[in-house]
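The following exercises are to be worked with the sequence and the model at hand. Each task is followed by a solution in steps.

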Amino acid sequence: MGMLNQLRPALSKATSPVAHALARTGVTPNTVTIIGTLGCVAGALGFYPFGEFFWGTVVITVFVFFDLFDGAVARVTGKTSRFGAFLDSNMDRVSDAAIFSGLILRYAGKDHNDMLLVCLALFCLISGVLVSYARARAEGMGINATIGLAERGERLIVSLVAIGLAGLGVPYVLAAGLWILSIASAITVVQRYIVVRRHVEAGDLS
């Protein structure tokens, strides 16, 4: 299980007061999800392709934290739903894709061409999708596959810290961060495949 999952109870307590305040405005959980996603996409595609890594990361971070409140608002309003969970999961993929697409657009251009960073960002994008898909497909088979070195929270922290520091001029940090993220994501995919295979071989399916 990802390290950040262990912090969920504390995060729930911390977000509860803000969730109550948002709920009083009449905003719905799905609206919070969509606003958070649009903000992340705007931060990534509006700043990263132009080399504004620091400010783009600031914008994305603000909306990532805002997106944390969708589940909290759903709980305090009693509006939890299967569609809300479905929407949230899909919008997370959109936000993640925007972050790495912004990097790819930056480094695939002729003025700042760096194919290594393009390949690393592309691998991070694809492996992140595979991590999520492996979990979703396993759950569809009745298997809990939340195990993994790098779930979404960890991947976001590594990517945003590396990109933000690169925006402040720290040398080599972006490449290092993307390498770490690539390896951790690949390991996570393999971990989830192994868990599913063990359950299937043991006949432990619901």
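**Exercise 1. Determine which helices supply at least two residues each to the lining of the largest cavity, and describe that lining.**

Solution. This is a predicted model, and the steps below apply to it as such.

Step 1. Three helices meet the condition: H5 (82-108), H6 (115-140) and H7 (152-167) each supply at least two residues of the lining. Among the contributors, H5 gives the most, with five residues.

Step 2. Rolling a probe the size of a water molecule over the atoms shows where empty space is left. A search of the whole structure returns one cavity of 30 Å³ or more. The volume of the largest cavity is about 140 Å³. Its lining comprises 14 residues, of which Asp96, Phe100, Cys124, Gly128 and Arg155 are the closest to the centre.

Step 3. By residue class, the lining divides into eight nonpolar, two polar and four charged residues.

**Exercise 2. Identify the side-chain contact between Arg135 and Glu139, and place both residues in the secondary structure.**

Solution. Step 1. Side chains of opposite charge can pair when their charged atoms come close. The criterion is a side-chain nitrogen of Lys or Arg within 4 Å of a carboxyl oxygen of Asp or Glu.

Step 2. For Arg135 and Glu139 the N to O distance is 3.1 Å, and the side chains form a salt bridge.

Step 3. Both residues belong to helix H6 and are four residues apart, about one turn of the helix. An α-helix has 3.6 residues a turn, so residues three or four places apart point the same way.

Step 4. Under this criterion, the count of salt bridges is seven.

**Exercise 3. Which helix gives the most to the nonpolar surface patch, and what span should that helix have?**

Solution. Step 1. The patch, of about 480 Å², is made by Leu116, Leu149, Trp179, Ile183 and Ile187.

Step 2. Helix H8 (residues 173-201) gives the most, with three residues; Ile183 is found in this helix.

Step 3. At 1.5 Å a residue, the 29 residues of H8 should span 42 Å, and the end C-alpha atoms lie 42 Å apart, so the two values agree.

Step 4. Just after H8, Gly203 adopts a positive phi of about 70 degrees.

Notes
Residues are numbered from 1 along each chain as its sequence is written. This is a predicted model: local features need pLDDT of at least 70, side-chain atom pairs count only at pLDDT 80 or more; totals for chains, interfaces and linings use all residues. Side-chain values use heavy atoms; hydrogens and water are left out. Patches are made of residues with over 30% relative accessible area and no salt bridge: like charges are joined within 9 Å, nonpolar side chains (Val, Leu, Ile, Met, Phe, Trp, Tyr) within 5 Å. Accessible areas come from the Shrake-Rupley method with a 1.4 Å probe; for residues, only the protein chains shown count as cover. On a 1 Å grid over the protein atoms alone, a cavity is a set of points where a 1.4 Å probe fits but cannot get out, and a pocket is an open set with protein on both sides within 12 Å along at least five of seven lines; lining residues have an atom within 4 Å of a point. Grid points are joined across faces, edges and corners, and a volume is the space filled by probe spheres set on the points. Ala, Val, Leu, Ile, Met, Phe, Trp, Tyr, Cys and Pro count as nonpolar, Asp, Glu, Lys and Arg as charged, and the others, Gly among them, as polar. The expected span of a helix is 1.5 Å times one less than its number of residues.
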